[in-house]
Amino acid sequence: MIFERASDVVMDDVFLRLPGFLATSEVFLKLEGLNPAGSVKLKTAVALIESLERAGSLHPGSRIIESSSGNLGVALSVACTAKGYALTVVTDPNAARHSIRVMESLGTDVVVVTTRDAQGGFLHTRINYIHQRLAQDPDLVWLNQYANPAGVRAHRDRTAAAIHEGLGTVDALFVGVGTTGTLMGCVEYFAEHSPTTRVVAVDSVGSVTFGMPAAPRFIPGLGASRRPELFADTGRFEKTLIAEADTVAMCRRVAERYGLLVGGSTGTVLAAVQQFAPTLPEGSRVAVISPDLGDKYVDTVYSDTWVAERYTDVPELAGLGPIATT
């Protein structure tokens with residue numbers, strides 16, 4: 001296949017079966033990290049930009065600003081470079097240094113805010129910074145991934161449809177929750193095309209999206225200190241929370257058993273699959289969206305030093321993973 005732009009290279013048909021992950025069910029990872037941006041957010045980035053182009057809000061030479069914990073920022077950097085838009089990404093100390101360097105290498109202006117908000121996170125701080133910049137510069141365009149329905153449509157029409165086409169009818173789909181665009185798109189699609197599919201939304205302990213108390217979190221990708229406008233608790237999906245210590249343990253188990261470095265979001269969602277295993281009928285086909293791979297997490301999730309400084313309850317820390325960057 002020949003593509004015209006890096007942002008066109010979306011591998012939506014790659015699934016990895018995890019033999020033996022559950023005793024009586026088949027588990028399939030939808031690998032979203034095999035594109036030039038390295039994550040599922042490439043589809044979101046393209047959809048956000050194209051929605052504002054159609055609305056007439058973007059034109060040649062426009063300058064864009066967006067908040068991101070890493071993956072969307074990288075994806076927007078790929079897409080904006082190809083389209084000629086100047087980009088500013090507002091992020092925080094939880095973002096992987098690797099992601100920040102990739103954004104900067106693609107010409108993106110990266111602003112790192114360091115003040116925690118009242119919920120213990122950084123999201124309010126990032127968005128407040130964006131509002132300040134917009135007030136100072138009316139020509140700056142905010143894509144607003146937290147409220148723009150283009151992100152939901154992208155994952156309804158592409159991500160969810162690709163799962164259905166690639167795997168057929170699945171009994172359960174596990175989806176991580178960040179901005180909730182992927183979740184809400186999948187809920188819309190499966191409600192119409194496969195209503196018997198059980199959709200499970202997975203978030204991190206400390207996130208407020210499901211109405212639980214806020215607490216500091218250290219692994220980017222999932223969770224929020226502010227409920228995204230896209231999120232609608234329609235009753236069409238189940239919800240669960242996973243502690244970050246269990247995320248770390250799962251990432252390392254997958255690396256050790258399957259030779260695959262997964263990102264923190266994937267480890268969180270796989271931990272939820274394990275948690276729900278007793279409720280899955282024998283012979284179930286389970287799909288799991290893996291938003292990115294683990295290369296950008298080698299200095300965090302896969303570092304014994306980093307983990308030991310933040311968690312005291314990672315199961316069997318010393319023996320879980322083959323990687324220890326100290």
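**Cavities, a pocket and two domains**

Let me begin with the largest pocket, whose lining comprises, by class, eight nonpolar, three polar and six charged residues. Here Ala, Val, Leu, Ile, Met, Phe, Trp, Tyr, Cys and Pro count as nonpolar, Asp, Glu, Lys and Arg as charged, and the others, Gly among them, as polar. Please note that this is a predicted model, in which local features need pLDDT of at least 70 and side-chain atom pairs count only at pLDDT 80 or more, while totals for chains, interfaces and linings use all residues. Residues are numbered from 1 along each chain as its sequence is written, and side-chain values use heavy atoms, with hydrogens and water left out.

The volume of this largest pocket is about 260 Å³. Of its 17 lining residues, A95, A96, R97, T300 and W306 are the closest to its centre. On a 1 Å grid over the protein atoms alone, a pocket is an open set of points with protein on both sides within 12 Å along at least five of seven lines, a cavity is a set where a 1.4 Å probe fits but cannot get out, and lining residues have an atom within 4 Å of a point. Grid points are joined across faces, edges and corners, and a volume is the space filled by probe spheres set on the points. Helices α3 (97–105) and α9 (304–310) each supply at least two residues of the pocket lining; helices (H or I, at least four residues) and strands (E, at least two) are DSSP runs, numbered from the N terminus.

I turn to the domains. The chain is assigned domain 1 (6–35 + 149–310) and domain 2 (41–142), with bounds that come from an automatic or database domain assignment. Their C-alpha centres lie 23 Å apart. In domain 1, 31 residues are in contact with 26 residues of domain 2, where contact means heavy atoms within 4.5 Å. Each domain contributes at least three residues to the lining of the largest pocket.

Next, the cavities. Four cavities of 30 Å³ or more are found in the whole structure. The largest has a volume of about 560 Å³. Its lining consists of 38 residues, and S69, G178, G221, L222 and G223 lie nearest its centre. At least two lining residues come from each of α2 (71–83), α4 (123–136), β7 (172–176) and α6 (181–193). This lining has 14 nonpolar, 19 polar and five charged residues. Where does the largest cavity lie? It lies between domain 1 and domain 2, because both give residues to its lining.

The second largest cavity has a volume of about 60 Å³. Its lining is formed by S69, G70, N71, A96, S99, P220, G221, K296 and Y297; three are nonpolar, five polar and one charged. This cavity also lies between the two domains, since both give residues to its lining.

Finally, two local features. S51, in helix α1 (residues 41–54), is buried, with a relative accessible area of 11%; buried means under 20%, exposed over 50% and partly exposed in between, with a 1.4 Å probe and protein chains only. Not counting residues up to four places away in sequence, S51 touches N148 and A150. The C-alpha atoms of S51 and P149 are separated by 9.1 Å.

In helix α7 (residues 244–258), the end C-alpha atoms are 21 Å apart, which agrees with the expected 21 Å for 15 residues, that is, 1.5 Å times one less than the number of residues. Its buried residues include E244 and R252. Just after α7, G259 takes a positive phi of about 65 degrees.
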